[in-house]
Amino acid sequence: MGMEKVDKIINSDYELGFEVNIEEEKAPPGLSEDTIRFISAKKKEPQWMLDLRLKAYHAWLKMEEPRWAKVTYPPIDYQSISYWAAPKKALESLDEVDPEILRAYEKLGIPLEEQKALAGVAVDAVFDSVSVKTTFVEELNKLGIIFCSISEAIRDYPELIKKYMFSVVPMTDNFFAALNSAVFSDGTFVYIPKGVKCPMELSTYFRINAQNTGQFERTLIIADEGSYVSYNEGCSAPSRDENQLHAAVVELIAHKDAHINYSTIQNWYPGDAEGRGGIYNFVTKRGLCEGENSKITWTQVETGSVITWKYPSCILKGDNSVGEFYSVAITRLAQQADTGTKMIHIGKNTKSVIISKGISAQKGQNSYRGLVKMHESATGAKNYSECDSLLIGDRCGAHTFPYLESKCESAQIEHEATTSKISEEQLFYLRQRGIKEEDAVSMIVHGFCKDVLSKLPMEFAVEAKALLDLTLEGSVG
Amino acid sequence: MSTMMKIENLHAKIGDKQILKGIDLKMLKGKVHAIMGPNGAGKSTLSKAIVGHPDVEVTEGKIIYKGKDITNWEPEERALEGIFMAFQHPVEIPGVNNAYFLRTALNAKRKHLGLPPLNAAEFLRLLKEKIKELGMREEMIHRSLNEGFSGGEKKLNEILQMEILEPDFVILDEIDSGLDIDALKKVSEAINKMRTPDRTFMIITHYRKILDYIEPDFVHVLKNGKVLKTGGIEIVDALEKEGYKIFEEA
């Protein structure tokens with residue numbers, strides 16, 4: 001009896017499903033060398049970048065779409081997708097940003113200007129294929145920090161791009177990474193110089209607006225020796241009947257003693273209860289702990305997309321380096337998520353922590369897939385993994401696929417996994433104390449995710465909690 | 001004397017099984033009512049029906065509380081109106097901080113009463129006072145709700161909630177089960193302190209022991225889904241000697 005109600009509570013609407021009417025310039029659907037030349041020309045790229053794109057494109061043509069994940073979807077027609085869409089007006093300053101776009105961001109709860117200025121957050125916003133506005137640039141520049149769109153970085157900092165792009169995720173790493181390397185539209189570039197602690201949270205918001213468009217952003221973050229940066233990304237898309245492809249690549253490089261904190265709140269349109277529409281989220285994210293004592297922390301809250309295929313990973317090359325992965329993934333409606341991480345231990349005394357919380361409701365299917373690999377050189381390395389699944393109702397599923405490979409005798413790997421259900425008894429206990437049913441569900445879910453939510457930067461955590469409530473409670477504000 | 005709760009011809013089932021077969025029971029304001037009876041008599045089902053547990057389906061009859069028919073009310077509505085159950089087996093809720101949970105519950109109640117919510121500092125002051133009285137360890141309020149608590153600690157935590165929420169009608173569902181003598185004394189003392197002319201207790205128990213500490217005003221014996229006998233403490237003496245069958249002849 002009670003569970004049906006919970007089901008209703010979970011069935012809340014997708015709040016961010018609005019579409020913005022702005023004039024957009026779009027490439028005709030289809031993918032060929034010409035498409036890539038078009039994109040590169042639009043972005044006024046140097047020849048070397050175009051050459052790299054074409055190289056990736058030819059490699060991609062020979063590759064096959066991976067089908068090993070525990071997700072099912074009809075074949076994707078890569079020729080029916082438009083690989084470029086941009087607001088028509090040129091964007092030079094905030095004043096010139098189309099007010100419709102600004103309103104769209106406001107609706108998303110992302111005030112680009114004063115509010116964020118007060119909050120001390122620097123924001124880069126990517127609308128369909130182009131970066132709309134980067135705030136706080138000057139202030140960051142004084143510290144030598146570069147925070148700009150990847151397109152600008154290709155033009156203005158070619159040496160850094162040539163050195164680091166494709167260094168962590170090679171262009172032929174996998175099918176979707178190769179596709180992204182060929183057609184990536186925009187994304188964010190961050191460079192933190194030696195010894196600089198970035199004084200504010202850096203944020204990017206991605207928005208897919210145009211119809212029949214893929215989004216292929218590329219993010220590159222370099223933290224030089226002894227530096228620190230905390231970076232957040234959020235995403236959303238309009239509700240549509242057809243599926244849209246999102247294939248992003250994120251590369252992180254942490255040098256000696258550097259620490260990168262990377263948080264994601266992914267709220268792409270999840271499709272409807274029958275699995276119609278929704279974003280295909282095929283993302284490659286990888287960080288390299290290049291130097292000694294470096295650290296990379298991935299924190300993700302995944303509530304959107306109809307299909308998610310995503311494994312933010314760490315290559316722990318530097319001795320004593322640390323990789324962390326904290327994840328909350330919710331699948332409801334007919335969503336399918338196959339997500340997890342890879343921790344590759346190469347350096348001595350490297351450490352990794354994996355905390356994964358999967359929540360499934362309705363017909364949602366949630367899989368954790370994680371690899372912990374200890375190379376022969378990784379003496380004294382340690383891993384701790386914990387994968388917990390929470391089931392709401394009896395039509396959903398949770399699956400755990402841990403892969404452990406160790407070639408090093410002194411390395412320690414610890415893995416724990418639990419699966420539990422929100423029980424009638426838990427709900428009833430809270431209700432007997434006068435707590436409303438939807439608040440009770442939210443309390444139990446928050447409790448379940450606590451270890452992960454506590455890792456998010458403060459204001460992002462507030463947003464994540466609100467999003468969890470929206471997703472699970474139906475309290476549309 | 002005024003009636004707190006009146007149960008009229010209550011029939012209820014759990015699944016397909018008819019368990020309550022016409023319960024008639026009156027519980028008075030400011031009194032302690034003990035409910036006894038053999039296993040399967042319907043004691044737990046009766047308490048679940050009163051608090052609105054979703055497992056219990058009322059098929060006939062009424063539950064009148066403070067003059068209102070609450071038979072079909074949601075569990076949280078009954079709770080906000082002052083009905084509280086100390087659970088026999090309090091459930092564990094991982095990651096939900098005990099103090100946070102208690103404050104949420106208290107503020108839900110305060111909102112219902114038209115009172116402003118207590119802020120964290122005000123609430124902690126109240127909470128610390130109560131746990132000191134109960135002799136609980138302070139770290140228990142910072143742990144996850146009931147998680148890793150011993151049997152005795154779980155029961156004390158139920159009593160703590162009762163003290164914070166100050167209900168009008170309290171069901172103690174086998175609060176004595178699994179408690180050693182010292183813990184039982186402690187729990188009983190706390191309950192006795194809560195006895196006021198406005199508060200009604202319904203104590204469900206198998207054993208006489210707790211009734212030595214908390215003296216009931218009325219004892220009701222349940223059997224086979226009906227009230228077999230109502231009286232004073234003397235009933236308990238007879239039960240001790242002869243067992244439940246002595247009431248069956250009449």
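# Reading helix H5 of chain B

Modeller: Of the 15 residues of H5(B), 11 are buried, so this helix is largely enclosed by the rest of the structure. Buried means 20 or more other C-beta atoms, placed from the backbone, within 10 Å of a residue's own; exposed means 12 or fewer, and partly exposed is in between. Helices (H or I, at least four residues) and strands (E, at least two) are DSSP runs, numbered from the N terminus. This is a predicted model, in which local features need pLDDT of at least 70, side-chain atom pairs count only at pLDDT 80 or more, and totals for chains, interfaces and linings use all residues. Residues are numbered from 1 along each chain as its sequence is written, and chains are lettered from A and ligands numbered from 1 in the order in which they are written.

Colleague: What covers the buried residues of H5(B)?

Modeller: The cover includes strands E6 (83-86) and E9 (169-173) and helices H3 (98-112), H4 (120-134) and H6 (181-194) of chain B. Among the buried residues are Leu156(B), Ile159(B) and Leu160(B), and also Lys154(B) and Glu158(B).

Colleague: How does H5(B) lie against H6(B), roughly parallel or roughly antiparallel?

Modeller: Two packed helices are described by the angle between their axes and the distance between the axes. Here the axes come within 10 Å and cross at roughly 10° (axes are lines fitted to C-alpha atoms, for helices over the stretch in contact, with angles from 0 to 180 degrees between N-to-C directions). That makes H5(B) roughly parallel to H6(B), a term for angles under 35 degrees. On the H5(B) side, the contact residues include Gly152(B), Lys155(B) and Met162(B); on the H6(B) side, they include Ala183(B) and Val187(B). Contact means C-beta atoms, placed from the backbone, within 7 Å.

Colleague: What is the sign of phi in Glu166(B), the residue that follows H5(B)?

Modeller: Most residues other than glycine have a negative phi. Glu166(B) has a positive phi, near 45°. Asn9(B), in strand E1 (residues 3-14) of chain B, also has a positive phi, of about 45°. Asn9(B) is exposed, with 12 other C-beta atoms within 10 Å. In chain A, phi of Asn320(A) is positive too, near 60°; this residue lies in the loop between strand E16 (313-316) and strand E17 (322-331).

Colleague: Which element of chain B has the lowest mean pLDDT?

Modeller: Where pLDDT is low, the predicted coordinates should not be read in detail. pLDDT is the predictor's confidence in each residue, from 0 to 100. Helix H8 (residues 234-242) has the lowest mean among the elements of chain B, 83, and E6(B) the highest, 97. Chain B averages 91.

How values were computed
Contact = placed C-beta atoms within 7 Å. Parallel < 35°, antiparallel > 145°, perpendicular 65-115°, else oblique.
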